[in-house]
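Dear colleague,

Please find below the structure that I am handing over to you. A summary of what was found in it follows.

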Amino acid sequence: TVRGVRRSVISVTTPGMVRLEGVLSEENLIERIDTWFPNPVLGDIKLEAIFSEYKDFGGVKFPTRILQRSAGYPVLDLTITDVTPNAPVALEVPAGIIQAAAPPPTALVPEKISEGLWIVPGNAKSIAVEFRDHVVVVDAPENETRSLAVIDAVRKTIPGKPIRYVINTHSHFDHAGGLRTYAAEGATVVTQAGNIPYYQQAWSNPRTIAPDRLARSGRTPVFEGIIGSRTFRDEVREMVVYHYGGNMHNAGMLMVFLPKERMLVEADSWTPTNTVNEPPGGLTNLVHFLDVVDRLRLDVQQLLPIHGRLTTLDEARAAAETFKRTQVFR
């Protein structure tokens with residue numbers, strides 16, 4: 001659709017339900033493009049692209065200032081000093097991409113690592129913990145599609161027990177994008193207490209482009225905020241969730257400790273690589289994480305990272321010691 005007199009406003013909705021609105025000046029120069037698209041955490045969000053200070057470059061008018069904002073936050077502020085119209089360019093697609101085939105869809109198969117404890121695989125994993133009459137899931141990565149697949153896999157693996165809680169290790173989108181799906185199923189979202197106002201505000205945003213299950217259900221999500229620690233316990237399982245503030249990755253980090261199994265679930269404080277001899281990422285955060293483990297006097301043998309392979313606390317300590325020896329402080 002097109003509307004306007006002096007300025008033309010052009011609106012387009014794509015087949016993928018993304019809505020764009022462009023504004024043209026009296027000279028038919030693009031002043032701005034607003035794009036609305038769905039986000040699993042924030043709902044309907046707008047990406048604004050503003051074009052200004054046009055200049056003539058070899059007969060082509062081009063903006064010398066481009067500003068972009070996503071959900072109101074600046075993400076790009078670009079000043080253009082020169083433009084070469086119709087410059088020759090050669091872009092070669094790597095052979096590996098040309099020959100790559102899409103991987104076949106595979107069902108999620110949880111991996112049992114201890115009695116009543118499963119890893120649901122993925123780039124960001126979920127951990128299913130079985131109690132006497134319910135299940136607790138640690139982390140809800142990515143989006144609703146992913147969470148629906150995890151929920152289905154958990155129900156098949158642990159039939160007859162509802163998912164009563166989902167624990168959110170921190171508020172980054174790759175760990176929180178699927179939380180609303182669990183809330184729609186009636187699970188309580190357990191997160192660091194300071195995150196609750198953020199989620200309540202973000203989840204109240206309109207979701208008209210791609211309404212998810214929570215939006216369609218009309219259900220009010222239930223949150224439980226952790227300050228310090230929270231123990232989940234019944235006759236078959238004990239699990240303690242700790243908040244460890246001061247981590248530079250995120251202020252609201254939670255970790256999940258299983259005392260009987262001597263296992264500790266952590267997210268993004270350390271991401272061990274697939275090759276043992278490769279230097280893992282996040283070593284500064286790992287040093288802080290290990291300091292917290294020592295301060296709490298946790299008897300940990302195995303680490304269950306949300307990203308990366310399973311590892312041990314001994315390997316983590318060795319990596320941290322290597323990191324400390326190689327640092328130069330000035």
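**Findings in the predicted model**

Phe-232 has a relative accessible area of 4%, and is therefore buried. Please bear in mind that this is a predicted model.

The ring of Phe-232 pairs with that of Tyr-165 in an edge-to-face arrangement, with 5.0 Å between the centres and 75° between the planes. Because Tyr-165 belongs to strand β12 (residues 163–167) and Phe-232 to strand β15 (residues 229–233), this pair ties together parts of the chain that are 67 residues apart in sequence. Tyr-165 has a relative accessibility of 16%; the limit for a buried residue is under 20%, so Tyr-165 also counts as buried. The ring of Tyr-165 has a charged neighbour as well: the charged end of Arg-230 sits over it, 5.7 Å from the ring centre.

Across the whole structure, the search finds 6 aromatic pairs. Ring pairs also join Tyr-198, Tyr-199, Trp-203 and Phe-223 into a cluster. Within that cluster, Trp-203 carries a charge over its ring, namely the charged end of Arg-180, at 5.5 Å from the ring centre.

Trp-203 leads on to the nonpolar core. The largest such core has 28 residues, and those touching the most other members are Val-135, Val-154, Ile-163, Leu-179, Tyr-182, Val-189 and Trp-203. Two or more residues of this core come from each of β9 (117–120), β11 (135–138), α2 (144–157), β12, α4 (179–184) and α5 (196–203). Leaving aside residues up to four places away in sequence, Val-154 is in contact with Val-120, Ala-128, Val-135 and Ile-163.

I turn now to the strands β3, β4 and β5. Strand β3 (residues 19–24) runs antiparallel to strand β4 (residues 30–39), and 6 bridges join the two. One of the bridge partnerships here is that of Arg-19 with Trp-36 in β4. The hairpin of β3 and β4 has 5 residues between the strands, and Asn-28 takes a positive phi near 65° in this hairpin.

Strand β4 also pairs with strand β5 (residues 43–57), again in the antiparallel sense, over 8 bridges. Arg-32 has Ile-50 as its bridge partner in β5. These two strands, β4 and β5, likewise form a hairpin, with 3 residues between them.

When you view these strands, it may help to recall that side chains in a regular strand alternate between the two faces of the sheet.

Yours sincerely

Methods: Residues are numbered from 1 along each chain as its sequence is written. This is a predicted model: local features need pLDDT of at least 70, side-chain atom pairs count only at pLDDT 80 or more; totals for chains, interfaces and linings use all residues. Side-chain values use heavy atoms; hydrogens and water are left out. Rings of Phe, Tyr and Trp (its six-membered ring) pair if their centres lie within 6.5 Å; planes under 30 degrees apart count as stacked, over 60 as edge-to-face and the rest as tilted. Helices (H or I, at least four residues) and strands (E, at least two) are DSSP runs, numbered from the N terminus. Buried means under 20% relative accessible area, exposed over 50%, partly exposed in between (1.4 Å probe, protein chains only). A charge sits over a ring if NZ of Lys or CZ of Arg is within 6 Å of the ring centre and within 35 degrees of the ring normal. Two strands pair if DSSP finds at least two bridges between them. A nonpolar core is a set of buried Ala, Val, Leu, Ile, Met, Phe, Trp, Tyr and Cys residues joined through side-chain atoms within 4.5 Å. Contact means heavy atoms within 4.5 Å.
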